[in-house]
Amino acid sequence: MKFSRVCKGLPKQRTFLVCNSESSSGFSAEHYDGIFTTIGVALQAAADDDVIDVAAGIYEEGVELRKAVTLRARGDGAVTVINTGNATLASTAVGARVVNIQFEHRGGDASSRGRAGPRCLEVLSGELTVEGCGFKSEVGSAVMSADGGSVILRRCRLHDCGRCGIICVLGGRAECNKCELVGNALNGADIQSGGMVRLMNNSISRNQQTGVLVADALSFVHVEGNEIAGNGRRGVTAQKSGSFFLKANKVIGNSNIGVIGIGPWEHPNALTICNNEISANQAAGLWVQRGDAEIVNNEVCRNADSGIVAFGSSSVLKIRGNTVRGNQGAGISIHTAKFVEINGNRVGVVQRLLPTEHKVAFLMGLHPRLGKGRPLAALNEAIFWEVLNHWRDDEASGNQGAGIELIGTKCRVHGNRIEHNAEGGLVVCEGSQAEVLANSVASNQGAGVVVRGHNTRCCTRQNDIASNGQSGMDLSSGGFWVGLGGGRKSQNLG
């Protein structure tokens, strides 16, 4: 049961109006507990839980939120607040809320960095919720959260700033949901030195440097459901953070690497990359260096270099269930890793399940006597549903290098489809030790499996190595191979 403020013995919630000379018409004074010409004076009169309506117009002042008030645009037309010098909006309140107001920051010292840099919105303590607002800083960043301050941004636009869209440092916390971080001179989101951030369902695009940059110790970041596209350098950079979780994003068309993770990390299993589309970037799709990582169920395709690249002598990697196709280099290239599990990936081929209506149409065409009757009435039900549930349409889209290449790496390659690649299916070289089990290695332009180099060891078992442009197994350049039987080698041209 909810009780009114009066029942609780609390003061009545008050509503104030702010309007300048251009916006004074259209509002009735009797609906407000006070009318002011500046936001600052209205804030002085307000108490916690009060509401301040701001009429359309341009207000040239800095706004400091020290009370848990709601500040919102009211009526037709835009509300724009502009300030020079200090932040245009600064909040230290717990529970304040700002709705549908545009903020601009002009001037400031462009040479200042990090915590000292100019910004349009700053939250250095307390908790602030912002909805439907815009933030722009000529020489600084749109939003800064630091020193334990917390900000939630929903449907906001952080745009065209001289530095970053949002910067979160020194214990600052931030959540961005359904926002636009676009057109900034440096990074869309910059999280450093203990920042804690959730980026959900945002558009992070056309920033001149990196879409999302995470750097330094004790930063904890969750990035999910975003489109990170068309940035001037990388889509995502995660470097030495506490933990980084990248899920279900589209990282597309960035001018350098799509996603790069650089360890070592501070916690086990700190880097998780799953269910993303990483495509059409102008260098490698995904690059992992000097750190453990779990890379699961991503589509890594049409990148201008290799699809997945990883190296680091202490790295332990799990690469499972990914589709890696159409890249200009190797599909998966692993260098000097401690141990790698490559399991259940489609390297050079994409598996598509046909829609049910397509399968039914095919069955009807294959069995014309069925006419318009139900297929289940004429076909064995078990067979029918087996076809419907497992029938695949596989699209060949090979990588321009090898499907998988292992260089100085200990690796288990299990249950993958490695097909239609330009320089062979699986290349094991330069001292690698590989267990190759139950893979399909087929229709590659080079050899199916290549083992070469001093101290290279490869054990194969139960693989289907077929229809490759050269031999099924190429041992011509040294290396030691043990075949434990099972599987088949057929119709290879070498």
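Let me begin at proline 264, which sits in the loop between β27 (259-262) and β28 (271-274), and which is joined to glycine 263 by a cis peptide bond, with omega at about 0°. I should say at once that what we are looking at is a predicted model, and everything that follows should be heard with that in mind.

The cis bond belongs with two other backbone features, and the background to them is that most residues other than glycine have a negative phi, and most peptide bonds are trans. Aspartate 147, although it is not a glycine, has a positive phi of about 60°, and its place is the loop between β12 (141-146) and β13 (150-154). Arginine 302 is likewise not a glycine and has a positive phi, here of about 55°, and this residue lies in the loop between β32 (299-301) and β33 (308-311). As for accessibility, aspartate 147 is partly exposed, because its relative accessible area of 38% falls between the 20% and 50% limits, and arginine 302 is partly exposed as well, with a relative accessible area of 46%.

Let me move on to the strands towards the higher residue numbers. Strand β42, residues 410-414, runs parallel to strand β45, residues 433-437, and five bridges join the two; within that pairing, valine 413 stands opposite valine 436 of β45. On to the next partner: β45 also pairs with strand β48, residues 457-461, again in the parallel sense and over five bridges, and there glutamate 435 has cysteine 459 of β48 as its bridge partner.

Now to the interior, where the general expectation is that in soluble globular proteins nonpolar side chains tend to be buried together. The largest nonpolar core in this model has 98 residues, and those with the most contacts inside it are Leu121, Phe135, Leu153, Ile334 and Leu406. Strand β3, residues 51-60, gives the most to this core, with four residues. If we take leucine 121 and leave aside its neighbours within four places in sequence, its contacts include Leu89, Leu128, Val130, Phe135, Met144 and Leu153. Apart from this core lies another, of six residues, among them Ala402, Ile407, Cys429 and Ala447.

What does a polar residue such as serine 137 touch, once residues up to four places away in sequence are not counted? Serine 137 is found in strand β11, residues 134-137, and it counts as buried because its relative accessibility is 0%, which is under the 20% limit. The residues it touches are His105, Arg119, Cys120, Ala142, Asp160, Cys161 and Gly162, and with histidine 105 there is a polar contact of 3.3 Å between the two side chains.

Two of those names bring me to the cysteines, and to a last question: how many disulfides does the count come to? The count comes to zero, taking a disulfide as a pair of cysteine sulfur atoms within 2.5 Å. Cysteine 120 is in no disulfide, since the nearest cysteine sulfur, that of cysteine 161, is 7.2 Å away, and cysteine 120 is buried, with a relative accessible area of 0%. Cysteine 179 is in no disulfide either, and for this residue the nearest cysteine sulfur is that of cysteine 156, at 4.8 Å. Cysteine 179, too, counts as buried, at 2% relative accessibility.

Methods
Residues numbered from 1 in each chain as written. Predicted model: local features only at pLDDT ≥ 70, side-chain atom pairs only at ≥ 80, totals over all residues. Heavy atoms only, no water. Pairing = 2+ DSSP bridges. Buried < 20%, exposed > 50% of the residue type's maximum accessible area, 1.4 Å probe, protein only. Polar contact = N/O pair within 3.5 Å; in protein donor to acceptor, adjacent residues only side chain to side chain. Contact = heavy atoms within 4.5 Å. Core = buried A, V, L, I, M, F, W, Y, C linked by side-chain atoms within 4.5 Å.
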